[in-house]
Amino acid sequence: MKSSLLAAFGRVAVASCALLAASTSAFAANPPAPAAGAKTTAAPAKPADAKVDERWMWDLTQLYPDDAAWDAERLAVKSALPGVKPFKGTLGTDAATLLRAMDTTSALTKRLGRLNTYASLKADENLKNTKPQEMRQLMQALSSEYGQAVSWMRPEIAALGKDKLEEFIKAEPGLAKHAFGLRDIQRLAAHVLSDEAESILAGTSVVRAGPNAIYSQLSNAELPWPTVTLATGKTIRLDSQGYTEARQATNRDDRKRVFDAFFGAWNQYHNTIGQMYVSSVRGDVFGARSRKYPTALAASLAANDVPDDVYKSLVKSANDGLPTLHRYFKLRQRLLGLKEIRYYDIYPPMLKSDRKFPIERTRELTLAAMQPLGPDYVAKITKATGERWANIYPTEGKRAGAYMNPGAYDVHPYLLLNHHDTYDGLSTYAHEWGHAMHSVLANEAQPYENAGYPLFLAEIASTCNEMLLADRMVADAKTKDDKLFYLGQILESLRGTFFRQTMFAEFELKTHEAIERGEALSGDKLSAIYLDLLKRYHGDREGVMKIDDLYGVEWAFIPHFYRAYYVYQYATSISAAAWFAEQIQTKGDAGRDNYLAVLKAGGSDHPVAILQKAGLDMTKPEPYQALVRRMDRIMDEMEKLLAEKN
């Protein structure tokens, strides 16, 4: 979650069923964007032509030797697309024919995933470099072509009926790796359209992705960012990374100056950006209605068979837990020595630490913290972190934030970082490598068709790694001050990932419901909706924190909103991660193996079902209530330590 997330795959691998072409089309059409509310890494960027030690750069030649080889493969895949057409009208002939069709499309999807990965990573190295951006556009077009080429398969498989499909699966062992995806099509048969309609809908994927592409280009490369001069005399350009750095300023006047300048810049374009976002929401609603879903939320949850109770339980539990969040803000106010706390006071560390974590030390501490996951896991992550899978340091034009890209199943995951030598940089490193190891384990345990874990599971592995790291740092702390610092970091992570992401989820729900009711939304209305949520979550009415009206424009800064109903999964994931971390620490090998089984399951079943097999029911309020209780326990411990110090 740490920041830029993987495009339409988020942090998941390729679609579990090759003929679910929308996954591939969406990936190409939605390049990675900085995540909202995450602990974004920020550091001064090196010039684009600055020399960076190749140890800290990813090696894309493991994907393709050069751009020419990539383009040759792109053209080869393009020329192979007509090979799907002869299967049309034959899938019900026999099991062997169905297997050949599935294997053909699966192989194409795998190749597209690798092509997409290369183009996306090249583009993110320097967003100002036009050639890689053109490569990404070529992949958008090719993925859309693929989506249209296989669009007839969903309706044809749906038409087989459950009984005939099960006969085929039983008769042909080779269909076993495709069985979950095929059965999922049957589950969603009522929402599969005619051959012609599926083809038309597939062709709209690039068009519907337009708002995100425009927003990404504006926010990452072309929006005119202000500069501010801090009390230290340092001048900072307030792009996304500069803002992330400067909002933590020790001087309170600096923080207000940063917030006012940064959100003032967004506010100048809020109506234009509002039109981008509303267009994106309309695209979501169009897609849902085209597939005969009552709402965009229903369509989003149905894709991975997530019950409505998960979303409802999350939102209700977060709102029920607001007194704990407000308690956190009061503790923050106390630790910062403030008479009152404002919105621009939520990012500076409550307690300071002079400890630095250069990349070598970051790797060492991360590996040590992973010991509870067993020798096999530690061996794998040790080997992987020693190789050139990651682009680690910020450079001019490089995409902000951090993400893991798992799209090249036959190679390995790739990671984009923007490392700086703080605890946040350390935590981000552990987080993203959690994602990478999830893909490594799933790819080893599952065939390609079932390796791509769903988004609902994606943040569990990364957040669990963060928790293991934090617990290790607390346990090894030599002083009360160090222990307080690490406890404060854990607390902030829980705040930002559980409550903030749920607030985002409520915003998405409100905006989609407004469009579904036929209402008009402008930038002003979007800011009003968001401001109301900010005030409720931060206790403005209760006198906990005063929220300035300008900050209602923060919605414009959140790129995840261009991926409908995505962010709620951060909150569900951190709740699940907290549960698993406790299991690992209290139940030893059994708890560890239970957790690793979830990672190895990949996308072989629906995510809620995978977690239920591990003993965790996300449809109930208990996981979320447990996380709120965890926050209260941490604050109890911090207040006890503070009392002992005094």
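In this predicted model, Glu-506 sits in helix H22, which spans residues 480-516. Despite carrying an acidic name tag, so to speak, Glu-506 counts as buried, because its relative accessible area comes out at 9%, under the 20% cut-off for that label. The Glu-506 side chain does have a polar partner: a polar contact of 2.9 Å links it to the side chain of Asn-319. Once neighbours within four places in sequence are set aside, the residues in contact with Glu-506 are Val-315, Asn-319, Leu-533, Arg-536 and Tyr-537. Asn-319 thus turns up both in that contact list and as the polar partner.

Next comes the sheet. Three strands make up an open sheet with mixed pairing, arranged in the order S4-S6-S5. Strands S4 (390-391) and S5 (403-405) are the edges, each pairing on one side only. As a general point, strands of a sheet pair through backbone hydrogen bonds, in either a parallel or an antiparallel fashion. For S4 and strand S6 (residues 414-416), the sense is parallel, and the pairing runs over two bridges. Within this part of the sheet, Ala-390 stands opposite Leu-415 of S6.

Helix H19, covering residues 423-445, packs on this sheet and touches S5 and S6. The direction of H19 makes an angle of about 20° with that of S5. Helix H3 (residues 95-125) lies across S4, S5 and S6, and H3 runs at about 150° to S5. Strand S5 is therefore a handy reference for both helices, since the angles are about 20° for H19 and about 150° for H3.

Key:
Residues are numbered from 1 along each chain as its sequence is written. This is a predicted model: local features need pLDDT of at least 70, side-chain atom pairs count only at pLDDT 80 or more; totals for chains, interfaces and linings use all residues. Side-chain values use heavy atoms; hydrogens and water are left out. Helices (H or I, at least four residues) and strands (E, at least two) are DSSP runs, numbered from the N terminus. Buried means under 20% relative accessible area, exposed over 50%, partly exposed in between (1.4 Å probe, protein chains only). A polar contact is a pair of N or O atoms within 3.5 Å; within protein, one must be able to donate a hydrogen and the other to accept it, and residues adjacent in sequence count only if both atoms are side-chain atoms. Contact means heavy atoms within 4.5 Å. Two strands pair if DSSP finds at least two bridges between them. Axes are lines fitted to C-alpha atoms, for helices over the stretch in contact, and angles run from 0 to 180 degrees between N-to-C directions.
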